[in-house]
Amino acid sequence: MYSDVSSCNTYNYGDALYWDARYVQEAESFDWYQRYASLRPFVRRYIPTSSRVLMVGCGNALMSEDMVDDGYENIMNVDISSVAIDLMRRKYEHMPQLNYMEMDVRDMSFFPDESFDAVIDKGTLDSLMCGSDAPISAARMLGEVSRLLKPGGIYMLITYGDPKVRMPHLTRSIYSWNIVLYAIPRPGFKKPAGSSSNSHLEPVPITETGLLPADFVLDDPDSHFIYVCKKMDETTELSNISSHPLIADAS
């Protein structure tokens, strides 16, 4: 379980100083990877609007605002950057459904165990995987996510990391997560005319070792992946997490 060397540049994305400087220079809202409109079928399928949601590494994205507009009632947003948190607190002081706290996702001891119904991560684990001591940082963050989830709760990870590099971190037995995987093309991706296409609303098959089958071909070679991880315990049946295709968002 190594860092994502091939996908990282010279920036230390796990460093608060980097993000503080970036948000001073780039105050306009920015959503990593995908906007909520593309993720909505997955979020709505697995996370009820009444859920208490933790958005890790919120940055200055519009994701949480879009979720509130879609009916979500309680979203706690955390980020390592004090600059981002100050900006977002001021921006959304009129929106009681959104709360913001400066926090390192590797230590979220401010929150008691089983505090949240869902945790959403859009690029935060990826940032840690580009930082120093990546495997240790990832383990600390995922341990905190597992601790904070209620039994039956959902950790939704949106990432560039395919199963070969993410499953070793997500499938550790201490987390007791049942995982369903989706692949979604990058925004603006156009599949060549006349070629067959997979529905990104259908779960991606994975082997017993947690990898993509050798004959599985992604529509977009640089797809983003959505790992839907459900926290299991002795009272939670494995069959409770759906692996059926989702319904396209018509709105």
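A residue counts as buried when under 20% of its relative area is accessible. With that in hand, welcome to this predicted model, in which buried residues make up 48% of the 251 residues in the protein chain. Here is a short tour, from the whole chain down to one residue.

**The whole chain**
- The protein chain holds 7 helices and 7 strands.
- Reading from the N terminus, you meet them in the order α-α-β-α-β-α-β-β-α-α-β-α-β-β.
- Take the contacts between residues at least 6 apart in sequence: 74% of them join residues at least 24 apart.
- About 12300 Å² of the protein chain's surface is accessible, and carbon and sulfur atoms account for 51% of that.

**Helix H2 and its neighbours**
- Helix H2 covers residues 36-46, and its buried residues are Tyr36, Leu39, Pro41, Phe42, Val43 and Tyr46.
- These buried residues of H2 pack against helix H3 (63-69) and against four strands: E4 (116-122), E5, E6 (177-184) and E7 (224-231).
- A handy rule for looking at helices: an α-helix has 3.6 residues a turn, so residues three or four places apart point the same way.

**A closer look at Asp162**
- Where does Asp162 lie? Its place is the loop between strand E5 (149-159) and helix H7 (163-170).
- Asp162 has 31% relative accessibility, so it counts as partly exposed.
- Leaving aside residues up to four places away in sequence, Asp162 touches Phe225 and Tyr227.
- Asp162 and Phe225 are 63 residues apart along the chain, yet their C-alpha atoms are separated by 6.6 Å.

Definitions and conventions:
Residues numbered from 1 in each chain as written. Predicted model: local features only at pLDDT ≥ 70, side-chain atom pairs only at ≥ 80, totals over all residues. Heavy atoms only, no water. Helix = DSSP H or I, 4+ residues; strand = E, 2+ residues; numbered from the N terminus. Buried < 20%, exposed > 50% of the residue type's maximum accessible area, 1.4 Å probe, protein only. Contact = heavy atoms within 4.5 Å. Areas by Shrake-Rupley, 256 points an atom, 1.4 Å probe, with all protein chains shown as cover.
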